[in-house]
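Me: I'm new to this structure and would like a close look at a single part of it. Could you walk me through that part and what surrounds it?

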Amino acid sequence: MRVVFMGTPDISAVCLEKLLAQHFSVVGVYTKPDAPQNRGMRLAQSPVKKVALAAGLPVFQPERLRDPETVQTLRDLHPDVIAVVAYGKILPPEVLEIPPRGCINIHASILPALRGSGPVQWAILQGMTETGVTAMYMAPEMDAGDVIAVSRTPIDPEENAQSLLSRLAELGGELLCGTLHKLENGPVRGTPQDHSQATFAPMLTKAMCPID
């Protein structure tokens, strides 16, 4: 089964490493363009790009996924499935329809709770006692697709976002591999989310954070 992987930060890199460790056929890796970091403002590679290059995988960093040339390049990879973990870009309909076995997303919450780009931080801020990772089919709406499977983990009262994120990365990688193994054997039915129960977790900004 030909897999295209899309992701950018550390949680994505962990998931990609697990795919490679289990010898999935990753035919291409998409990640956000290199960005300036630190005082020197030198361009820095994403954690996913570093893993992909070390493994000798082709890396793609389009600014826009909607551009016809970008869409055609993706089609030419002939992916059976696209696996997405914290890519940081919305997949347009013309991309979602490419892989015959669908686009699979690993999201760091128990959906429909905490949709959005900051679920780990919001789980801590809200004093939740449990969270997890969800494997779902991607839909045009953000984090609204049918759920395939969930892995849960408790949240310690003294836990911080970094330690929780590290644990969720490991769970997410395992869940992604397990989901792809199921898809290798045929179609996997998802369960529609109860959208009336959805909550949202936007990316935190300094203005949202309490001042000590």
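Is Q193 buried or exposed? Please start there and work outwards.

Reply: Happy to. Keep in mind that this is a predicted model, so everything below is computed from predicted coordinates.

Let's start with your residue. Q193 is buried, because its relative accessible area is 8% and the cut-off for buried is under 20%. You'll find Q193 in the segment after α6. A little further along that segment, which follows α6 (161-184), sits Q197. Q197 counts as exposed, with 52% relative accessibility.

Now for what Q193 touches. Leaving aside residues up to four places away in sequence, the contacts of Q193 are L111, P112, R115, M136, D143, A144, G145 and V147. With R115 there is also a polar contact between the side chains, at 3.0 Å. Two of the other names, L111 and P112, are worth a second glance: the peptide bond from L111 to P112 is cis, with omega near 15°. P112 belongs to the loop between β7 and α5 (119-125).

That loop leads us back to β7. Strand β7 covers residues 103-107, and five of the five are buried, so the strand is largely enclosed by the rest of the structure. Both of its faces are covered: on one side you have C103, N105 and H107, and on the other I104 and I106, all buried. If you want to set this strand against the segment we started from, C103 and Q197 are 23 Å apart, C-alpha to C-alpha, with their positions 94 residues apart in sequence.

What does β7 pair with? On one side there is β6, which runs parallel to β7 and is joined to it by three bridges. In that pairing, I82 has C103 as its bridge partner in β7. On strand β8 (residues 130-137), the pairing with β7 is antiparallel and has four bridges. There, I104 stands opposite Y137 of β8. As a general point, strands of a sheet pair through backbone hydrogen bonds, either parallel or antiparallel.

Step back and you can see the whole sheet. It is an open one of seven strands, in the order β5-β2-β1-β6-β7-β8-β9, with mixed pairing. At the edges stand β5 (59-60) and β9 (147-154); each has a single partner strand, so one side of each is left without a neighbour in the sheet.

Moving along the order from β7 through β6, you reach β1. Strand β1 (residues 2-7) and strand β6 (residues 81-85) pair in the parallel sense over five bridges. One of the matched pairs is M6 with V84, its bridge partner in β6. Helix α1 (residues 10-21) packs on the sheet here, touching β1, β2 (25-30) and β6, and its direction makes about 160° with that of β1.

Finally, two loop residues to look at while you're in this area. H23 is in the loop between α1 and β2. Its phi is near 65°, a positive value in a residue other than glycine, and H23 is exposed, with a relative accessible area of 71%. The other is A86, placed in the loop between β6 and α4 (93-96). A86 is not a glycine either, yet has a positive phi of about 50°; with a relative accessible area of 37%, A86 is partly exposed.

Terms used
Residues numbered from 1 in each chain as written. Predicted model: local features only at pLDDT ≥ 70, side-chain atom pairs only at ≥ 80, totals over all residues. Heavy atoms only, no water. Buried < 20%, exposed > 50% of the residue type's maximum accessible area, 1.4 Å probe, protein only. Pairing = 2+ DSSP bridges. Contact = heavy atoms within 4.5 Å. Axes fitted to C-alpha atoms, helices over the stretch in contact; angles between N-to-C directions. Polar contact = N/O pair within 3.5 Å; in protein donor to acceptor, adjacent residues only side chain to side chain.
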